[in-house]
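Here are my notes for you on this one. Keep the viewer open and click along as you read.

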Amino acid sequence: YAAISAFALHPIYINLQRVAGKRNQHIIKALNKKQKQLNKLEEIDYEQVIHFKINVLRELFELDNLEFLKDEKFKDFFEDNHGWLVPYAAFCYLRDKYGTSDFSKWKTHSVYNIEEVERLCNPRSKTFSQIAFHLFVQYHLHLQLKEAADYAHKKGIALKGDIPIGIYRYGCDAWTASELYQLNMQAGAPPDDFAVKGQNWGFPTYNWKKMEEDHFEWWKQRFHQMSNYFGAFRIDHILGFFRIWSIPTDAVEGILGRFIPALP
């Protein structure tokens, strides 16, 4: 529930060998020692793994010299995912620049402006190469997951994707379309035998009335993107589509919430 995007794939899952290809295998071979060291750990050191992979990806990105932008497959991927991909790449650039995904703390661009984002992502801008890195990573993640999904489908295996109902309040989705969420509320669960003070999950609830205005386009985009890989979906906490336990943001425990909608 703390993913910075409901659409993007996480770089920690990327296969570096496949990104490198035959042309850059010498880079991967030089990293075998570090790879073995990480794989021998009793528990996965996620922080060290992602740090390691991002550094290698940046090196491979520099060697690519933006050639991937000319790839017809990339052009199709970019066109099909432009709505979320461009804001996501800009968000990642600004997150790294200011050292936090809490966009309210950014010195610039804390309020989303589509024209400013398009300027940042313009190939002629000074920021483009830093932003293009995130396009490069998402493109390769897409290729790899699509290849794996297609292989499974050819073997007669159906894949079901998990869709958490919530979004992160300090993520790209909240930044780009804050009006779609009740940012002054947080979702959770009422008190029960397992949690006598209720549960507070922290993520904002949805502004369903606002979402209805464009016929739930955000959800349509989300399902469209997921359908690239999955033939079925499990929506975690689907009850939240009909009613959800809403807690004020100044509350710590879930006990101060109420069901919305609910009979008074």
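1. Let's start with valine 137, which you'll find in helix α7. Before you go on, remember that you're looking at a predicted model. Is valine 137 buried or exposed? Valine 137 has a relative accessible area of 4%, and because buried means under 20%, valine 137 counts as buried.

2. So who sits around valine 137? Setting aside residues up to four places away in sequence, valine 137 touches Pro11, Ile14 and Leu57. Now pick out isoleucine 244 as well: the two are 107 residues apart in sequence, and their C-alpha atoms are 35 Å apart in space.

3. Next, have a look at the nonpolar cores. The largest one has 66 residues, and those with the most contacts inside it are Trp175, Tyr206 and Trp218. Plenty of helices chip in: α1 (16-20), α2 (25-29), α4 (46-64), α5 (72-98), α6 (114-120), α7 (128-154), α8 (172-176) and α10 each supply at least two residues of this core. The largest share comes from α5, with 12 residues. For background, nonpolar side chains in soluble globular proteins tend to be buried together.

4. Zoom in on tyrosine 206 from that core. Which residues does tyrosine 206 contact, leaving aside neighbours within four places in sequence? They are Ile165, Gly166, Ile167, Leu180, Tyr181, Gln182, Met211, Trp218, Trp219 and Arg222. Notice that Trp218 turns up here and is also listed with tyrosine 206 among the residues with the most contacts inside the core.

5. Now for the strands. There's an open sheet of four strands with antiparallel pairing, and its order is β4-β3-β7-β8. The edge strands are β4 (199-200) and β8, since each of them pairs on one side only.

6. Strand β7 deserves its own point. Why is strand β7 (residues 244-248) largely enclosed by the rest of the structure? Because four of its five residues are buried. On one side, β7 pairs with strand β3 (residues 185-189) in the antiparallel sense, over four bridges. You can check the register yourself: glutamine 186 stands opposite isoleucine 247, and glycine 188 has tryptophan 245 as its bridge partner.

7. β7 also pairs with strand β8 (residues 258-260): the two run antiparallel and are joined by three bridges. Here isoleucine 244 stands opposite isoleucine 260 in β8. That's the isoleucine 244 you picked out earlier, 35 Å from valine 137, C-alpha to C-alpha.

8. Don't skip the loops! Asparagine 228 lies in the loop between α10 (217-226) and β6 (232-236), yet asparagine 228 is buried, with a relative accessible area of 17%. The side chain of asparagine 228 reaches the backbone oxygen of glutamine 225 at 3.1 Å. Not counting residues up to four places away in sequence, asparagine 228 touches Asp80, Asn81, His142 and Lys146.

9. Last stop, the largest pocket. About 1,000 Å³ of space lies in it. Its lining has 42 residues, and Ala3, Ser5, Ala8, Leu9 and His10 lie nearest its centre. The elements giving two or more residues to the lining are α4, α5, α7, β1 (160-164) and α10. Which element gives the most to the lining of the largest pocket? That's α4, with six residues.

Key. Residues numbered from 1 in each chain as written. Predicted model: local features only at pLDDT ≥ 70, side-chain atom pairs only at ≥ 80, totals over all residues. Heavy atoms only, no water. Buried < 20%, exposed > 50% of the residue type's maximum accessible area, 1.4 Å probe, protein only. Pairing = 2+ DSSP bridges. Polar contact = N/O pair within 3.5 Å; in protein donor to acceptor, adjacent residues only side chain to side chain. Contact = heavy atoms within 4.5 Å. Core = buried A, V, L, I, M, F, W, Y, C linked by side-chain atoms within 4.5 Å. 1 Å grid on protein atoms, 1.4 Å probe; cavity = no way out; pocket = protein on both sides within 12 Å on 5 of 7 lines; lining within 4 Å. Points joined across faces, edges and corners; volume = space filled by probe spheres on them.
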